[in-house]
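Work through the exercises below with the sequence and the 3D view open. Each task is followed by a solution in steps.

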Amino acid sequence: MARSFDVAIIGAGPGGYVAAIRCGQLGLNTVCIDDWKNEKGKPSLGGTCLNVGCIPSKALLESSENYQRARHKFFEHGVNVHGVDIDVGVMQARKNKIVESFTGGIDLLFKKNKVISMHGKGRFVSANETYRIEISDDGKSENVEARHVIVATGSLPRQLPGAPLDRKLVVDSVGALAFTEVPRRLGVIGAGVIGLELGSVWRRLGSEVTLLEALPDFLPVADEQVAKEAQKIFTKQGLDIRTGATVTLAKAGKKRVTVEYEDNKGAQQALECDKLIVAIGRFPNTAALGAETVGLRLDSRGYIEVDARCRSNLPNVFAIGDVVRGPMLAHKASEEGVMAAEIIAGQAGQVNLEAIPWVIYTSPEIAWVGETEQQLKNAGVAYHAGQFPFLANGRARSLGETSGFVKILADAKTDRIVGVHIIGPYASEMIAEAVVALEFSASSEDIARIVHAHPSLSEVFHEAALGVTKRALHI
Ligand code: FAD
Ligand code: NAD
C-alpha cells in the first residue's frame, strides 16, 4: 500500500522546502521528495540555492571581497597589513561549512513542521482521484499517493554544444564554486548574473578574467544606464568584457583551454585560458518528471505551464520556482511555494510578479525592481526620473564605496513609483524599501516626505525621490 498524503512536493529547493514548511504550518500532511546528493554522496536538502547557488556564491563573494579590501583598501584607513595572501582551501572549507549548516537546518525545520522528507527521484506514474508518485533511488523504488502535488524541480545549467564540460578545465557554475586554486587566466562564456558574480570572485583573488558575451549589449536585463555604469566600473576593476562574441568551439587540452569565437566585427579570435566557466543561462528541470504520463502540460521550452496562481492544467497540481515562467530567483520560488500551500489550504495566496527584486552581488552591487527606462519608453509611458549619486552621501564616503547611484522612475501623471534602479554599496539591502514602495503604490512624494536616518545609504534613496521633482538637497 502506498503511503498517502494531502500534499506531495517534488523538489526541496527554496521553492519546494518553503512550500513544505508552509503546508506543515497549515496542518497539511505533507511529504517532500528530493534527489539532491552532495559531493560526499549524502542527501542534501535546499536544491540549487543552498547547495550550489545563492549561498555558496555569496560566501565566496564575501571572502574574496575581504581579500580585495585587505590588499587594496585598508591602507586608506591607516590599517597597514603586510603579506596578505589567500588560502583557497580555508575559503572553500568556510563556504562548505555554511552550506552544510543551512542544508542540515532544513531537516530540522521539516521535523519541527511534521514534514516527511523522502530521498529519491520523484515521477508521476498515474492520476486518478489522487496522484501516484514513484520515488526511486539507487535501484530501489517506493510509491506515495497525494491529493495535491507541488512540482518544484528547479532548473539546470544550459550547455553549449561547442564547449562540452569536462568538469576539470571546462566547468559550469557548480565547478566554478569549487576551484581549489586561483586560475591564472579564467574565461567565462556568458556575461550574465553568474558570469559577473563568479568572474568577480576569481578576479578579486588574482585571475585575469575574460567574459565572452553573445549579445551586442552588456546586461540588457538591467536598466541601460545602470548597465553602462556597471560595464565602466567592472572594466576598470579588470574584468575584460567582450560583447558580441559568438563562441564556436572550446577545446580543452591537458592544462589549458582554447576558445574560438567570432568577435563583434565578424573576425575570428582565439582566447587561451586555464579554466573556462560556461554560464549561459539555465533551463527548467522537467525531463524525468513523468509529465507526459499524467498529461501535465509543458510549453515549447520545457517550462510547466501555470496561471498567475501557479496552477497547472491538472487539477490540484501546482508548479513553482525555476520550473515555471518568471525570473529564476530563490525568493520568487519561495513566495510561490507559500502561495501554493495557502491555496491548497483554502486560503487566498498571491505573488506579485511585477515587484520581484533582482540583485547582482558584484561590487558595487546592482539591484532593481519594476520597470526600466527602456521598458517605459517602449510602452510609451510618460515618466519622471530622479537620480542621486552615492558620492554625495556621508555614509558611502565613510565606507569608501562611492560609485553608483539610485534612480527612481515615477509615472508623470500620477507620480506613482514604477521602477527603482540601484548600483552601489548594499544595493541588495536598499532595494527592500523600493519593493515596499512599489507594493504599497507609493508616489515619489511619499518617499520624499519620509524621514530617513542620517548618515545612512538610504538617504540616497530619499534624495533620488526628491530628485523626481527636482528638489534634491545635497546636489
Ligand atoms: P532548485 O533550487 O533548483 O531545487 C530543485 C530541487 O529539486 C533540487 O534539489 C533537485 O535536485 C530536485 N529535483 C529535481 N527533479 C527532481 C525529481 N524528479 N525528483 C526529486 N527531486 C528533484 N537566486 C537568487 O535569488 N539569489 C541569488 O543570489 C542566486 N544566486 C545563484 C547563484 C548560482 C551560482 C546559481 C546557479 C543560482 C543562483 N540563484 C540565485 C538562482 C536560485 O538558485 C534559483 O532560482 C532557485 O534555487 C530556484 O529554486 P527552485 O526551488 O525552483 O529549484
Ligand atoms: P543569465 O541569463 O543571467 O546570463 C547568461 C548570459 O549568457 C546572457 O547574457 C546571455 O546573453 C549569454 N549567452 C547565452 N548564450 C551564449 C553563448 N552561446 N555565448 C555567449 N554568451 C551567451 O544566466 P546565468 O548567468 O547562467 O544565470 C542563470 C540564472 O540564475 C540567472 O538568470 C538568474 O536567474 C539566476 N542567478 C541569480 C543570481 C542572483 O540573483 N544574484 C545569481 C546567479 C544566478
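**Exercise 1. Cysteines**

Is C49 buried or exposed? Then find how many disulfides a search of the whole structure gives, and examine C32 as a case.

Solution. Keep in mind throughout that this is a predicted model.

Step 1. The relative accessible area of C49 is 11%. Buried means under 20%, so C49 is buried.

Step 2. C32 has a relative accessible area of 1%, so by the cut-off of under 20% C32 is buried too.

Step 3. A disulfide is a covalent bond between the sulfur atoms of two cysteines. To count as one, the two sulfur atoms must lie within 2.5 Å.

Step 4. For C32, the closest cysteine sulfur belongs to C23, and the distance is 9.3 Å. That is too far for a bond.

Step 5. The search of the whole structure finds 0 disulfides.

**Exercise 2. The surroundings of ligand 1**

Describe the shell around ligand 1: how many residues form it, and which come nearest?

Solution.

Step 1. There are 38 residues around ligand 1, and the nearest are D34, D35, T48, K58 and G122.

Step 2. Sort the shell by class: 15 residues are nonpolar, 17 are polar and 6 are charged.

Step 3. Assign residues to elements. At least two shell residues come from each of β2 (30-34), α2 (47-52), α3 (54-72), β4 (121-127) and α9 (330-344). The largest share, 4 residues, is that of α2.

Step 4. Look for contacts to oxygen atoms of the ligand. An N or O atom in the side chain of K58 is 2.7 Å from an oxygen atom of ligand 1. For H331, a polar side-chain atom lies 3.3 Å from an oxygen atom of ligand 1. P14 uses a polar backbone atom, 3.4 Å from an oxygen atom of ligand 1.

Step 5. Ligand 1 has 1,000 Å² of accessible area on its own, and the protein covers 94% of it.

**Exercise 3. The surroundings of ligand 2**

Repeat the analysis for ligand 2: which residues are the closest?

Solution.

Step 1. The shell holds 22 residues, with E197, E213, G281, M328 and V359 the closest.

Step 2. By class, 14 of the shell residues are nonpolar, 3 are polar and 5 are charged.

Step 3. List the contacts to oxygen atoms of ligand 2. A polar side-chain atom of E213 is at 2.6 Å. A polar backbone atom of M328 is also 2.6 Å from an oxygen atom of the ligand. For I194, a backbone N or O atom lies 2.8 Å from an oxygen atom of ligand 2.

Step 4. Taken alone, ligand 2 exposes 830 Å², of which the protein buries 78%.

Step 5. Two or more shell residues are given by α6 (193-204) and by β18 (358-360). The largest share, 3 residues, comes from α6.

**Exercise 4. Helix α6**

Test the length of α6 against expectation, and say why it is largely enclosed by the rest of the structure.

Solution.

Step 1. With 12 residues at 1.5 Å a residue, α6 should span 16 Å. The C-alpha atoms at its ends are 17 Å apart, which agrees.

Step 2. Of the 12 residues of α6, 10 are buried, so the helix is largely enclosed by the rest of the structure. Among them are E197, W202, R203 and R204.

Step 3. Look just past the helix: G206 takes a positive phi of about 125 degrees there.

Notes: Residues numbered from 1 in each chain as written. Chains lettered and ligands numbered in written order. Predicted model: local features only at pLDDT ≥ 70, side-chain atom pairs only at ≥ 80, totals over all residues. Heavy atoms only, no water. Near = heavy atom within 4 Å. Polar contact = N/O pair within 3.5 Å; in protein donor to acceptor, adjacent residues only side chain to side chain. Areas by Shrake-Rupley, 256 points an atom, 1.4 Å probe, with all protein chains shown as cover. Nonpolar A, V, L, I, M, F, W, Y, C, P; charged D, E, K, R; others polar. Expected span 1.5 Å × (residues − 1). Buried < 20%, exposed > 50% of the residue type's maximum accessible area, 1.4 Å probe, protein only.
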